[in-house]
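Subject: The structure I promised you

Hi,

Here is the model we talked about, ready for you to open. Have a look around first, then read my notes below.

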There are 2 protein chains.
Amino acid sequence: MVTLKQLAEQLNVSVSTVSKALHNSEEISKDTILRVKELAEHLNYQPNRMALSLKNNQTKTIGVIIPNVLNHFFAKALYAIETEASQQGYSIITCLSNELLSKEKNSLQLLSNGSVDGFIMSLAEETQVNNTIDHITAILNKDIPVVLFDRVADDIDSDKVIIDDYGASYEATKHLICEGRRYIVHISDIDALSVGKLRKNGYLKALEEDNTYTNEPIFINISQDDDLEAVIDQLFKTHKQVDGIISSDNTSGVVALHKALKLGYNIPKDVSIIGFSDDNVLAFTDPKLSTISQHTMDIGKATVELLIDRLNNKNTTKPLTKTIKTNLILRGTTK
Amino acid sequence: MVTLKQLAEQLNVSVSTVSKALHNSEEISKDTILRVKELAEHLNYQPNRMALSLKNNQTKTIGVIIPNVLNHFFAKALYAIETEASQQGYSIITCLSNELLSKEKNSLQLLSNGSVDGFIMSLAEETQVNNTIDHITAILNKDIPVVLFDRVADDIDSDKVIIDDYGASYEATKHLICEGRRYIVHISDIDALSVGKLRKNGYLKALEEDNTYTNEPIFINISQDDDLEAVIDQLFKTHKQVDGIISSDNTSGVVALHKALKLGYNIPKDVSIIGFSDDNVLAFTDPKLSTISQHTMDIGKATVELLIDRLNNKNTTKPLTKTIKTNLILRGTTK
DNA sequence: TTGAAAGCGCTAACAC
DNA sequence: GTGTTAGCGCTTTCAA
């Protein structure tokens, strides 16, 4: 790496002159500025980022901690965050918690040593199950801003970006009821998560509220060790009368669709299915899955905006919670 | 952030004493060491990473540039890289080129200012199509190590991690021929990429080599603007006799499978299909797609190992190319 | 056993 | 218009 010192030596001026020249200081003569810039250009000088960070006490980088990149939602969120951050001149350091509290803790601890200006994160499953938040409040107490998205915790007093999980699920369920469905099953592989609970409740509320709907709510919860396909298979065996399915996560809806087709159901005539996902995750189902779209790009973008705002006027305002609109996108699996 | 200086002041000793104490220097008395450590612990002291980087001229972070996180292969590679890097005490700064040369260039440029110790990357499509490599050699010339994986370029003299694309595709095609298939179509949406070309050639070679195979090779190339489903639909219309499909990328095989089932083909009786992917990407097809597995975790791990080795003994050895074994995994779409 | 000083690369207040 | 100096937080040589 070429340094100011080297430029200074070659030009027989002082380091500070070079520095000022590169910043177009009024103090420096046009001529000197020109000579300095020429050489800098020629040697491809770049200011050392570590030195700048040390000096300015800001790194221009954001720590991003997500539970699992192999989950399409988080991959897309990462994409959105990277895009917006890079546009705003920030780099991102990515950590994957793999749904583990310990790894989440670790990453937070590791990066809070001046590596990043702030964090954007979505809580690990284990963190949510244990309802552990000390490691996050510790960061907040160090005055390092954190923006939570999707999987958040009420007790953490930070900026947040969420969707209206409850409302979205409520609306989707209502839609199924309006279609005339009277045996609607709720499937979820995220029952333990904050968002999973909200979505479940939205479904419940819609059923309870409608007095033409007489069947009991039916919850199929899939845990990590379960064989998703087997569980869904069982669902169709146990509930032959099923005519509506709402899936709270972004895969089980697709599996249900496949299984239903395989079993000879006519979709959407016999059964309507609505999934929960930004886009048609497995883009190639036939018919295409109707979904609640979360606008993941907007979510990611909002997290970066909130964080950068917070960095620019620290402590100025109360923590904000931004709710991103969802859309019910009706494709081929609903009437 | 608490600093050495603050510890020193509170303890009425010098900064250097504190520093030494924290490093268990022999020079310092047991008693002082204890006092220092106690306070450090109590105040949760962490050495400032930027200061360390500046001093040691190493950042303990790796720049990772991938073309697209929404592609399952790259998401998994990122996962593997993050896992291994974090295990070895490195952080990763993630950049997404979005298949664009300009963004790839940019990220490289941006991070080569002392932000990272080295790079792990897979080339953007545009980079491969234009065969532009100057921006990479420029980095290499600055003595910043680069490890390329998957999408590499022969002209770049760096460490590389690849799979035997040619051989894997050759073997898979041979398998189809051995099954008795005599009308095998090659589908690809990555024809422009280094790996795409190799895979195509492997297919070609297998056909040419077998003199019981008389049909011409058939290539279906899907470009970004094409409607994948429409193209595949057309394929089945144009080539009614098709009895084997080999897909060079990780989605078109799945689409072909869906389409074939929809059209009433019996899979694998009528048509065998082999895809190219680490795992059963769309895990829920029925029957399950037979694939060439790339062991993406191994690929990612190898890139990190190569890079760290290179960082530890710079310039010591010639660039290495590590080839990760592939496996032909026969599931439900082959006999 | 402890401390002072220099230096990593940079900026900025203050001389000259 | 240019240079000197101090300081960001840390390590390390050298002196006390």
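What follows is a short tour of how the protein meets its two DNA strands.

Some housekeeping first. This is a predicted model, so please keep in mind that local features need pLDDT of at least 70 and side-chain atom pairs count only at pLDDT 80 or more, while totals for chains, interfaces and linings use all residues. Residues are numbered from 1 along each chain as its sequence is written, chains are lettered from A and ligands numbered from 1 in the order in which they are written, and side-chain values use heavy atoms, with hydrogens and water left out.

Let's start with DNA strand C. It has 27 residues around it, where "near" means that a heavy atom of the residue lies within 4 Å of the strand. Leu4(A), Tyr45(A), Thr17(B), Lys20(B) and Lys55(B) are the closest. Of the strand C atoms that come within 4 Å of the protein, 62% are sugar and phosphate.

Now for some polar contacts (pairs of N or O atoms within 3.5 Å). The side chain of Tyr45(A) puts a polar atom 2.6 Å from a phosphate oxygen of strand C, and an N or O atom in the side chain of His23(A) is 3.3 Å from a phosphate oxygen. Ser29(B) uses its backbone instead: an N or O atom there lies 3.0 Å from a phosphate oxygen of strand C.

Which helix gives the largest share of the surface near strand C? That is helix 2 of chain A, with four residues. Helices here are DSSP runs of H or I with at least four residues, numbered from the N terminus.

On to DNA strand D, which has 26 residues around it. Ser16(A), Thr17(A), Lys20(A), Leu4(B) and Tyr45(B) come nearest. Sugar or phosphate makes up 57% of the strand D atoms within 4 Å of the protein, and bases make up the rest.

One base contact to look up involves Glu27(A), which has a polar side-chain atom 3.2 Å from a base oxygen of strand D. On the phosphate side, a backbone N or O atom of Leu4(B) lies 2.6 Å from a phosphate oxygen, and a polar side-chain atom of His23(B) lies 3.3 Å from one.

For strand D, helix 2 of chain B gives the most to the nearby surface, with four residues.

Happy exploring!

Note on methods:
A polar contact is a pair of N or O atoms within 3.5 Å; within protein, one must be able to donate a hydrogen and the other to accept it, and residues adjacent in sequence count only if both atoms are side-chain atoms. Helices (H or I, at least four residues) and strands (E, at least two) are DSSP runs, numbered from the N terminus.
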